[in-house]
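Here is a friendly walk through a protein–DNA model, meant to be read with the coordinates open beside you. We begin at the DNA and then move on to the pockets and a single glycine.

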Number of protein chains: 2
Amino acid sequence: MSQVQATLHLEDQLCFPLYAASRMIIQAYREPLEALGLTYPQYLVMMTLWEKDGQAVNEIGKKLFLDSGTLTPLLKRLEASSLIKRIRSEADERRVEIELTFQGKSLKSKAAGIPAMILETLNSWESQELNSLKFELEKLVATLNQT
Amino acid sequence: MSQVQATLHLEDQLCFPLYAASRMIIQAYREPLEALGLTYPQYLVMMTLWEKDGQAVNEIGKKLFLDSGTLTPLLKRLEASSLIKRIRSEADERRVEIELTFQGKSLKSKAAGIPAMILETLNSWESQELNSLKFELEKLVATLNQT
DNA sequence: TCATTTTAAATTGATTACAATTGAATTTAA
DNA sequence: TTAAATTCAATTGTAATCAATTTAAAATGA
């Protein structure tokens, strides 16, 4: 039986399965997202914008735990794909606000089927099991976000 | 209450907390690993070698789910740090076997305290809770590895 | 044998991720 | 009000991740 211990062995540490699972599930998104011309982090940004258009780089970064070093080039690529516009705020010229283009808004309906596709990949899993895993991971994020 | 659903909302998908938690816990390793001159993926490679020295790139890759595109430059950096030697196998010249140097072996004792330091970061967590989370993540890796 | 296939590592190119710094705008406080 | 501190995005540099391809070696089969 697996146990969390303070040892130097790969199989004893929480971090490795977390790291591996994260990469593998992002991998599962690759094919469906490729059809939309998006990478996984770009998809996350688009989702935050589909929820609320016109957010500043800063706000997006707080939600995704990403900084401008990651977001600025990513957003430039989304702009180059004509999915968003980057607009320097007039009220506060430090801010850059991100607005969806028509194409960016249209992409939402094409992306609508993706979550269900991913759940199908996990079809051997009980919904309850996924909920509990998600809940524990959210708690972990909250714990790690304090420090 | 959180629920795993097939929607396009950040908070409804399993993947995002997985992605966020993975990056945050790797972040928690950064400071202790910096003292050893290692990044997190380099630490994973060193751990596999501390468990079994002399493995080929291929074998390390299977354990960490990484390919030569990631490992070759990473291993070259570890070699430049004098922690490992990359040795072309004589029996099979396609293979490159990785051997720890004296310094590489010595680093193990310096790394010994790291897992306990990370557990301290999670000190509000019950050991049972961590075990169960780890177990679920390992199951997830197994599921995703099949597809 | 010798052509074909497979395997292993390396390489190339694109994208993230993140520390550290910069430059500019805004806010705070003296 | 003005100097200092803070905030925001961008930039720079290093490292990782992964797809796709390349090169070489080894294994397979006709």
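## DNA strand C

In this predicted model, the side chain of Arg77(A) places an N or O atom 2.7 Å from a phosphate oxygen of DNA strand C. Thr72(B) does likewise through its side chain, at 2.6 Å, while Glu93(A) uses a polar backbone atom, 3.3 Å from a phosphate oxygen. A polar contact here is a pair of N or O atoms within 3.5 Å; within protein, one must be able to donate a hydrogen and the other to accept it, and residues adjacent in sequence count only if both atoms are side-chain atoms.

Around strand C there are 28 residues, and those that come nearest are Thr39(A), Gln27(B), Thr72(B), Lys76(B) and Arg86(B). (A residue is near a strand if one of its heavy atoms lies within 4 Å of it.) Sugar or phosphate supplies 78% of the strand C atoms within 4 Å of the protein, and bases the rest. By class, this surface has eleven charged, nine polar and eight nonpolar residues; Ala, Val, Leu, Ile, Met, Phe, Trp, Tyr, Cys and Pro count as nonpolar, Asp, Glu, Lys and Arg as charged, and the others, Gly among them, as polar. Elements supplying at least two residues each include helix 2 (40-51) of chain A and helix 1 (15-34) of chain B. Helices (H or I, at least four residues) and strands (E, at least two) are DSSP runs numbered from the N terminus.

## DNA strand D

Which residues come nearest to DNA strand D? Of the 27 around it, they are Gln27(A), Lys76(A), Arg86(A), Thr39(B) and Arg77(B). Sugar and phosphate make up 79% of the strand D atoms that come within 4 Å of the protein.

Three of these side chains can be followed to phosphate oxygens of strand D: Lys76(A) at 2.6 Å, Thr39(B) at 2.4 Å and Arg77(B) at 2.3 Å. The surface near this strand divides into eleven charged, nine polar and seven nonpolar residues.

## Two pockets

The largest pocket has a volume of about 890 Å³. Among the 30 residues lining it, Tyr19(A), Ser22(A), Arg23(A), Met24(A) and Ile26(A) are closest to its centre. Helix 1 of chain A gives the most to this lining, with eleven residues, and the lining as a whole has 17 nonpolar, seven polar and six charged residues. For the method: on a 1 Å grid over the protein atoms alone, a pocket is an open set of points where a 1.4 Å probe fits, with protein on both sides within 12 Å along at least five of seven lines; lining residues have an atom within 4 Å of a point. Grid points are joined across faces, edges and corners, and a volume is the space filled by probe spheres set on the points.

The second largest pocket holds about 230 Å³. Ten residues line it, including Leu144(A) and Arg23(B), which are among the closest to its centre. Helix 1 of chain B gives the most here, with five residues.

## Gly104(A)

Gly104(A) belongs to helix 5 (residues 102-111) of chain A. It is buried (under 20% relative accessible area, 1.4 Å probe, protein chains only), with a value of 0%. Beyond its neighbours within four places in sequence, Gly104(A) is in contact (heavy atoms within 4.5 Å) with Met46(A), Trp50(A), Ser82(A) and Leu83(A).

## Conventions

Residues are numbered from 1 along each chain as its sequence is written, and chains are lettered from A and ligands numbered from 1 in the order in which they are written. Local features need pLDDT of at least 70 and side-chain atom pairs pLDDT 80 or more, whereas totals for chains, interfaces and linings use all residues; side-chain values use heavy atoms, leaving out hydrogens and water.

How values were computed. Buried < 20%, exposed > 50% of the residue type's maximum accessible area, 1.4 Å probe, protein only.
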